[in-house]
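Subject: Structure handover

Hello,

Here is the structure I promised to pass on. Please open it first, then read my notes below.

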Amino acid sequence: MLEAALKFPPIGELVKWPAFGLPGFNKVALICVLATVFTAGLFFWAGMSKTLVPNTVQNIVESVVEFITDGVILQTMGQEGMKYLWYLTSLFFFIFFCNIFEIIPFMQFPASARMAIPLLLAVITWVMYIVVGLKKHGISYVSKSVKPPGVPFALLFLIIPIELLSTFIVRPFSLAVRLFANMLAGHLLLVTFAVLTGALLGSSIVFLKPVAILPLAMDIAITGFEAFVAILQAFIFTILTAVYLGSSIHIEH
Amino acid sequence: MSYTSALLAAGSRAAAALYAQAATTTTEAPAQQAPNPILPSSTELLWGTVSFAVLAFLMWKFAFPLVIKAMQARTDKIRSNLDEAENVRQEAQGILEEYQRQLADARTESNRIIEEARQAADQLRQDMVRRADEEVAELRRRSIEDLKAAQDRVMGQLRLQVRDLAIELAEKVVGANLDRERNLALVDQMIAELEARPAGGG
């Protein structure tokens, strides 16, 4: 009787968004476009403001830029990495906006919970750090990055395949999956407790109705937590991109 | 940044291919099935790529330099203001020291002037007192002389009168006309003897 009340939809249904208007333009695409519009809008707004004393938007934008400068680039790449500041800042804001739609009413879905978005960004990071490494060190980039200095000859047979696999194959994959899985998991958690709340409220057993307060409270708590996760995952993706770029600039471990 | 543009070109070719595929899939299968929750969807990949490419372009070319320029301008402005304030402060410090030095000079000068004036006044006072003393002494000396002269004159006349009176008296008393010349000499001698005596006897 209770089983009949609690019908949890299959996960595929939770990420199924029909296209509207343009071909293939579904909710995920809309969120991506909005993330672009918001990020660019923030920067145009902040950049065009002519006041000497910064307004709120300027403060937010500039403190993020300063944080990425001091907390990400200078920590991982040093002064050499400053030319990637614009990219890392764009990346951070784009991922953040893609994530934060998870808890924005009526959207309530993170675009990064669809593998396409994290994969795209991870592939860009992957291409970037390989190109940077090749440009800086030539073909020796590959050999240097799979052969750490001071390893005994016998161990090289073990180390080289592992390093090759981890640097050039696992890295982009793990980068993409980390963001994707975190955001999808958050979305599933929110949906789970929302479904549970609805099921309890709609239950035919009267004394179960007040119990709905518990999953509802949980949903509210998780919403707050997901706001934190949205920032955290955007930061993690950004700093890992910086770390990978840094490891291509300074190969020595 | 030539590889960036090459990358952009390659990306746009890939996007066009994806777009074509997406257009056909959506037209062929309008009744959407539930997508695989893990595998990336090509249409979402396409839209994501387009969005992010546009964002990256806008940020790289326009928006980000604007913000950086504004931040740099503010940094410069604040730095120049601080420098200016420091200059003004140092200038003010210099002026203050100059004023304090002038004030100290003025105080020394005024003290010197007061001291000089006091010395001059002292000198003047002493001069005046000395001159007054001298005048008083002179006055006293002159009045004593006057007194003495008057006394001498009076004494002379008195002596003559007394002599005449005495002779006259003696002539009357004696009744005889004595030798006048001798009598006068006698009286003169007697008066001289009187004068020679100590003043207490007069």
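A salt bridge here is a side-chain nitrogen of Lys or Arg within 4 Å of a carboxyl oxygen of Asp or Glu. Keep that in mind for the interface. Note also that this is a predicted model.

**The interface**

Start where the two chains meet. Chain B puts 39 residues in contact with 52 residues of chain A. The two chains bury about 3900 Å² between them. Carbon and sulfur atoms account for 76% of that area. Three residues of chain B stand out: B:Glu44, B:Trp47 and B:Phe52. They supply 18% of the area that chain B buries against chain A, more than any other three residues.

How many salt bridges does the rule find across the interface of chain B and chain A? There are two. The side chain of B:Glu44 forms a salt bridge with that of A:Arg114, at 2.8 Å from N to O. That distance fits the 4 Å cut-off, so the pair counts as a salt bridge.

**Chain A overall**

Chain A has nine helices and zero strands. Its pattern along the sequence is therefore easy to read: α-α-α-α-α-α-α-α-α. The C-alpha trace of chain A spans about 70 × 60 × 35 Å along its principal axes.

**Helix 5 and its two partners**

Look next at helix 5 of chain A, residues 85-100. I have notes on its contacts with helix 3 and helix 6 of chain A.

Take helix 3 of chain A, residues 27-48. Its axis comes within 9 Å of the axis of helix 5 of chain A, and the two cross at roughly 130°. Helix 3 and helix 5 of chain A are therefore oblique to each other. Their crossing is right-handed. On the helix 3 side, the contact residues include A:Ile31, A:Ala35, A:Phe38 and A:Leu42. On the helix 5 side, they include A:Phe93, A:Phe94 and A:Phe97. By class, this contact of helix 3 with helix 5 of chain A has ten nonpolar, three polar and no charged residues.

Now helix 6 of chain A, residues 116-137. The axes of helix 5 and helix 6 of chain A come within 12 Å and cross at roughly 165°. That makes these two helices of chain A roughly antiparallel. The crossing of helix 5 and helix 6 of chain A is left-handed. Helix 5 of chain A brings A:Tyr87, A:Leu91, A:Phe94, A:Ile95 and A:Cys98 to the contact. Helix 6 of chain A brings A:Ile117, A:Leu121, A:Ile124 and A:Met128. By class, the contact of helix 5 with helix 6 of chain A has nine nonpolar, no polar and no charged residues.

Best wishes

Conventions
Residues are numbered from 1 along each chain as its sequence is written. Chains are lettered from A and ligands numbered from 1 in the order in which they are written. This is a predicted model: local features need pLDDT of at least 70, side-chain atom pairs count only at pLDDT 80 or more; totals for chains, interfaces and linings use all residues. Side-chain values use heavy atoms; hydrogens and water are left out. Axes are lines fitted to C-alpha atoms, for helices over the stretch in contact, and angles run from 0 to 180 degrees between N-to-C directions. Helices (H or I, at least four residues) and strands (E, at least two) are DSSP runs, numbered from the N terminus. Angles under 35 degrees count as roughly parallel, over 145 as roughly antiparallel, 65 to 115 as roughly perpendicular and the rest as oblique. A crossing is left-handed if the near helix is turned anticlockwise from the far one by less than a right angle, and right-handed if clockwise. Contact means heavy atoms within 4.5 Å. Ala, Val, Leu, Ile, Met, Phe, Trp, Tyr, Cys and Pro count as nonpolar, Asp, Glu, Lys and Arg as charged, and the others, Gly among them, as polar. Buried area is the accessible area (1.4 Å probe) that two parts lose on being put together, summed over both.
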